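Biologist: I would like a close look at a single part of this chain. Please take me through the packing around one helix, then show me how the rest fits in.

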Amino acid sequence: NMVFHKKDPKDCPDNDGHNVDTIDGLILPTITALAETAGQLHRGNVVEREGNNNIKHIQMAAARTAAVTRSSSILERVSEVWAELIHAAITRDVTTGNEMEQPLSNAARALGLN
């Protein structure tokens with residue numbers, strides 16, 4: 001606000017409906033995804049199959065968190081994809097080499113990036 005206080009509001013940066021919603025809005029869903037994944041690890045509930053109920057629960061929790069601070073269906077969708085990627089990073093099998101290649105490909109596909 002200090003930088004733009006002398007500018008006409010129409011000349012100030014605003015929410016472009018994509019970058020601000022998606023990047024800034026991913027902070028709290030990241031914490032939710034980390035906490036939910038840690039909780040499932042603690043309870044021994046982690047199953048690494050794509051589409052399982054545990055991952056769905058984490059995705060839904062991340063999307064709900066995003067919805068608390070933003071009214072953006074884009075952010076909610078991206079939060080779900082991001083949550084699955086976080087889950088994969090934490091629960092991956094480190095003995096297999098490129099353990100993040102498939103989750104990253106899945107995320108890119110879900111976001112329409114490939």
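**Packing around helix α3**

Modeller: The cover over the buried residues of α3 includes α2 (27-43) and α4. Keep in mind that this is a predicted model.

Start with α3 itself. The helix takes in residues 53-69. Its 17 residues reach 25 Å from first C-alpha to last, close to the 24 Å expected at 1.5 Å a residue. Its buried residues are N54, I55, I58, Q59, A61, A62, A63, T65 and A66. An α-helix has 3.6 residues a turn, so residues three or four places apart point the same way. You can follow such spacing in the buried list, which includes I55, I58, A62 and A66.

Now zoom in on one of these residues. T65 sits in α3. Is T65 buried or exposed? T65 has a relative accessible area of 17%, and the cut-off for buried is under 20%, so T65 counts as buried. Leaving out residues up to four places away in sequence, T65 touches L28, P29 and T32. P29 and T32 are themselves among the buried residues of α2.

That leads to α2. This helix also has 17 residues. From first C-alpha to last it reaches 25 Å, close to the 24 Å expected at 1.5 Å a residue. P29, T30, T32, A33, T37, G39 and Q40 are its buried residues. They pack against α3 and α4. Just after α2 comes G44, with a positive phi of about 75°.

Next, look just before α2. L26 lies in the loop between α1 (19-23) and α2. L26 has a relative accessibility of 13%, so it counts as buried. Its contacts include L75, V78, S79 and W82, with residues up to four places away in sequence not counted. L75, V78, S79 and W82 fall within α4, which spans residues 73-91. L26 can also be placed relative to α3. From L26 to A63 is 37 residues in sequence and 9.6 Å in space, C-alpha to C-alpha. A63 is on the buried list of α3.

From α4, move on to α5. Where do these two helices stand relative to each other? The axes of α4 and α5 (residues 101-110) come within 10 Å and cross at roughly 175°. The two helices are therefore roughly antiparallel. On the α4 side, the contact is made by R77, V81, L85 and A88. On the α5 side, P103, L104, A107 and A110 meet them. By class, this contact has 7 nonpolar, no polar and 1 charged residues. The buried residues of α5 are P103, N106, A107 and A108, and they pack against α4. P103 and A107 therefore appear both in the contact with α4 and among the buried residues of α5, where buried means under 20% relative accessible area. After α5 comes G112, whose phi is positive, near 75°.

Finally, step back to the whole chain. It has 5 helices and 0 strands. From the N terminus on, the order is α-α-α-α-α. Of its 114 residues, 32% count as buried. Among contacts with a separation of 6 or more, 59% join residues 24 or more positions apart. The chain exposes about 7600 Å², and carbon and sulfur atoms supply 56% of that area.

Conventions: Residues are numbered from 1 along each chain as its sequence is written. This is a predicted model: local features need pLDDT of at least 70, side-chain atom pairs count only at pLDDT 80 or more; totals for chains, interfaces and linings use all residues. Side-chain values use heavy atoms; hydrogens and water are left out. Axes are lines fitted to C-alpha atoms, for helices over the stretch in contact, and angles run from 0 to 180 degrees between N-to-C directions. Helices (H or I, at least four residues) and strands (E, at least two) are DSSP runs, numbered from the N terminus. Angles under 35 degrees count as roughly parallel, over 145 as roughly antiparallel, 65 to 115 as roughly perpendicular and the rest as oblique. Contact means heavy atoms within 4.5 Å. Ala, Val, Leu, Ile, Met, Phe, Trp, Tyr, Cys and Pro count as nonpolar, Asp, Glu, Lys and Arg as charged, and the others, Gly among them, as polar. Buried means under 20% relative accessible area, exposed over 50%, partly exposed in between (1.4 Å probe, protein chains only). Accessible areas come from the Shrake-Rupley method with a 1.4 Å probe; for residues, only the protein chains shown count as cover. The expected span of a helix is 1.5 Å times one less than its number of residues.
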